[in-house]
Amino acid sequence: MDQLQIKDLEIFAYHGLFPSEKELGQKFVVSAILSYDMTKAATDLDLTASAHYGELCQQWTTWFQETSEDLIETVAYKLVERTFEAYPLVQEIQLELKKPWAPVHLPLDTCSVTIHRRKQRAFIALGSNMGDKQANLKQAIEKMRARGIHILKESSVLTTEPWGGVEQDSFANQVVEVETWLPAPVLLETLLDIESEMGRVREVHWGPRLIDLDLLFVEDQVIYTDDLILPHPYIAERLFVLESLQEIAPHFIHPTLKQPIRNLYNALKK
């Protein structure tokens, strides 16, 4: 992908753990590589299809000097976050933040942190069988948007019978396709935070719930940890999930089953 590189932008600010760093301030140096398609900007002279590097450098300086953080990791992360927010066309960012005046009483040229993030597509299943079910789904989607998760597609809302053997009311279910720069584990934490914020209480496994947000896929990633399994392990067993998926992404290939969603849907529907 095409790249815009900005190297060694110097900014004076007041970040650091020590009181002297927050009082006296020091120099920081920012470098970054921003990846996006430059074709339209180059061929049509369309400035809206380009990242204005002069404005970006000024924005970085303003953002950098707005607060005083303890860790340069925090500063770098926030710069990446706000750059993605301000420039939706940017697909990937690698940002290095140097601290050449770090309080290390040894012969040191500089210390730095580098944060590398790229946008990814993911699929999230939503379900609710308490209260105003459809309103709950809409609220969850708005909370995703508020956290910088871009909603690309929404399936229709289905009314489905409970899955898992627990006696309870029917569900309103749907699937959304999203774009996010959050890594899969962080995306999952964000979804769990939304559930908690909306008042979900986990009392009965597969029991009634105000809102349920399941991370189904993050592109073709395969992850197996105590906290996260991708792809979601029950996709091929849940007809309502496959029905919603095939509505918005029938040709998406399941990363481990190696079949398109439409095939999995048709096989389970028989």
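Buried residues account for 45% of the 270 residues in the chain, going by this predicted model. The secondary structure adds up to eight helices and eleven strands, and the C-alpha trace stretches over about 70 × 50 × 30 Å along its principal axes. Contacts tend to reach a long way along the sequence: of those between residues at least 6 apart, 65% link residues at least 24 apart.

As for the interior, nonpolar side chains tend to be buried together in soluble globular proteins. Here the largest nonpolar core holds 56 residues, and the members touching the most others are W60, L95, L97, M144 and L215. Take M144: leaving aside residues up to four places away in sequence, its contacts are I124, L126, I149, I151, V176, L191, I194 and L213. Apart from this core sits another one, made of 17 residues, with I235, L242, A249 and L264 among them.

Then there is S35, which belongs to strand β2 (residues 26–35). S35 counts as buried because its relative accessibility is 5%, with the cut-off for buried set at under 20%. Once residues up to four places away in sequence are set aside, S35 touches M1, D2 and Q3, along with L89, V90, Q91 and E92. T190, on the other hand, is 155 residues from S35 in sequence and 25 Å from S35 in space, C-alpha to C-alpha.

On the outside, the chain exposes about 14600 Å², with carbon and sulfur atoms supplying 51% of that area. Charged side chains come to 26 positive and 40 negative, and the centres of these two sets are 4 Å apart.

Note on methods:
Residues numbered from 1 in each chain as written. Predicted model: local features only at pLDDT ≥ 70, side-chain atom pairs only at ≥ 80, totals over all residues. Heavy atoms only, no water. Core = buried A, V, L, I, M, F, W, Y, C linked by side-chain atoms within 4.5 Å. Buried < 20%, exposed > 50% of the residue type's maximum accessible area, 1.4 Å probe, protein only. Contact = heavy atoms within 4.5 Å. Helix = DSSP H or I, 4+ residues; strand = E, 2+ residues; numbered from the N terminus. Areas by Shrake-Rupley, 256 points an atom, 1.4 Å probe, with all protein chains shown as cover. Lys, Arg positive; Asp, Glu negative; His and termini not counted. Charge placed at Lys NZ, Arg CZ, Asp CG, Glu CD.
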